[in-house]
Amino acid sequence: MTKRKPLIAGNWKMYKTGPQAAETANRLRSLVSEFVDVDVMVAPPFTALGIVAEILKGSVICVGGQDLFWEVEGAYTGEISAPMLKAAGCTYVIIGHSERRQYFGETNASVNRKIRAALNGGLFPVVCVGESEAERESNQTFSVVQQQLEEGLEGLAFDEVQRASIAYEPVWAIGTGKTATTDQAQEVHKFIREWIDKAYGNSVANAIRILYGGSVKPENISDLMAMADIDGALVGGASLDADSFAALVGFQVDSVTDKA
Ligand code: PEP
């Protein structure tokens with residue numbers, strides 16, 4: 001079995017002012033080697049995108065948005081578009097995070113429109129799916145995730161799906177300190193890959209990266225990454241500290257060097 005190149009992504013959520021984000025980005029740049037065999041991305045708040053992208057320019061660390069709106073421009077107060085993210089230095093954008101679904105009315109239909117906008121704007125979408133605790137307890141994990149995939153990816157061409165990553169984030173494990181066991185995570189990752197195989201064929205299923213998210217820390221990443229269908233991590237809390245995030249990037253041990 002060939003594994004895909006891992007992607008380790010940090011979601012800074014609504015943390016860090018511009019100066020605080022700059023400090024973290026500078027430290028991260030000094031910690032993460034250019035020889036690391038992992039794709040790395042951090043998603044700062046919108047107000048810090050420009051400064052973080054400037055600091056990380058020329059490094060192996062890419063920058064992503066935490067969300068976008070599907071229109072290119074217009075009278076949409078408070079929103080931000082794919083071309084704006086791209087111009088600010090983003091390569092990736094997180095779409096459909098459970099916090100967006102829970103607090104800001106994100107639906108599978110809006111996720112679909114946002115993925116299209118991201119792809120049209122030349123960004124790689126990181127599409128979040130995952131079940132709540134109640135859904136897991138009532139054995140709905142697979143049906144919930146399948147519906148999120150079916151409706152979120154609806155109408156996308158094969159090559160478009162291939163440019164996306166899926167982040168499986170069980171809602172009950174986000175920011176709670178509860179991590180899914182490696183078997184629980186692998187079971188859903190395998191389900192996602194098999195669903196993609198049926199919907200888009202073997203080559204897309206083999207190429208697409210499926211990240212795990214939910215209380216990933218330096219102590220548990222190696223076990224998660226050892227699972228056949230886990231191709232990386234989307235990390236919240238543990239990405240806020242540069243040293244801890246660098247340790248996550250360096251889960252293959254000697255890929256992190258301290259150049260500071
Ligand atoms: C996340 O925000 O996507 C996340 C997984 O958060 P945490 O790592 O803090 O659980």
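Does Asn-139 count as buried or exposed, and at what relative accessibility? In this predicted model, Asn-139 counts as exposed, because its relative accessibility is 72% and anything over 50% is put in that class. The residue sits in the loop between helix H6 (133-137) and helix H7 (141-152). Its backbone is worth a glance too: phi of Asn-139 is near 60 degrees, a positive value in a residue that isn't glycine. Lys-16 is another non-glycine residue with a positive phi, in this case near 85 degrees. Look for Lys-16 in the loop between strand S1 (7-11) and helix H1 (18-31).

Now for the inside of the protein. In soluble globular proteins, nonpolar side chains tend to be buried together. Here, the largest nonpolar core has 73 residues, and the members that touch the most others are Ile-166 and Ile-192. Helix H9 (residues 182-200) supplies the largest share of this core, with 7 residues. A second core, separate from that one, is made up of 11 residues, among them Ala-9, Ile-94, Val-126 and Ala-167. Back in the largest core, Ile-192 has contacts beyond its neighbours within four places in sequence: Val-129, Val-145, Leu-149, Ile-166, Tyr-168 and Ile-210.

Helix H9 deserves a closer look. With 19 residues at 1.5 Å a residue, H9 should span 27 Å, and its end C-alpha atoms are 26 Å apart, so the two values agree. Several of its residues are buried, including Ala-185, Val-188, Phe-191, Ile-192, Trp-195 and Ile-196. Polar names turn up among the buried residues of H9 as well, including Gln-186, His-189 and Arg-193. Just after the helix comes Gly-201, with a positive phi near 95 degrees.

Arg-193 leads on to Asp-231, since the side chains of these two residues are joined by a polar contact of 2.6 Å. Asp-231 belongs to the loop between helix H11 (221-225) and strand S8 (232-235). Despite that loop position, Asp-231 is buried, because its relative accessible area is 1% and the limit is under 20%. Setting aside neighbours within four places in sequence, the contacts of Asp-231 include Lys-3, Arg-4, Lys-5, Pro-6 and Leu-7, along with Arg-193, Ile-208, Ile-210 and Met-225.

Past S8, the loop that runs to helix H12 (242-249) holds Ser-239. This serine is also buried, with a relative accessible area of 1%. A polar atom of the Ser-239 side chain lies 2.7 Å from the backbone oxygen of Gly-236. Leaving out residues up to four places away in sequence, Ser-239 touches Gly-10, Asn-11, Trp-12 and Phe-245.

Two of the residues just mentioned, Gly-236 and Asn-11, come up again at the ligand. Gly-236 is one of the residues that come nearest to the ligand, together with Lys-13, Glu-169, Gly-175 and Ser-215, out of the 14 around it. Asn-11 places a polar side-chain atom 3.4 Å from an oxygen atom of the ligand. For His-97, an N or O atom of the side chain is 2.8 Å from a ligand oxygen, and for Glu-169 the corresponding distance is 2.6 Å. As for how much of the ligand is covered, it exposes 300 Å² when taken alone, and the protein buries 96% of that.

Technical notes. Residues numbered from 1 in each chain as written. Predicted model: local features only at pLDDT ≥ 70, side-chain atom pairs only at ≥ 80, totals over all residues. Heavy atoms only, no water. Core = buried A, V, L, I, M, F, W, Y, C linked by side-chain atoms within 4.5 Å. Buried < 20%, exposed > 50% of the residue type's maximum accessible area, 1.4 Å probe, protein only. Helix = DSSP H or I, 4+ residues; strand = E, 2+ residues; numbered from the N terminus. Contact = heavy atoms within 4.5 Å. Near = heavy atom within 4 Å. Polar contact = N/O pair within 3.5 Å; in protein donor to acceptor, adjacent residues only side chain to side chain. Areas by Shrake-Rupley, 256 points an atom, 1.4 Å probe, with all protein chains shown as cover. Expected span 1.5 Å × (residues − 1).
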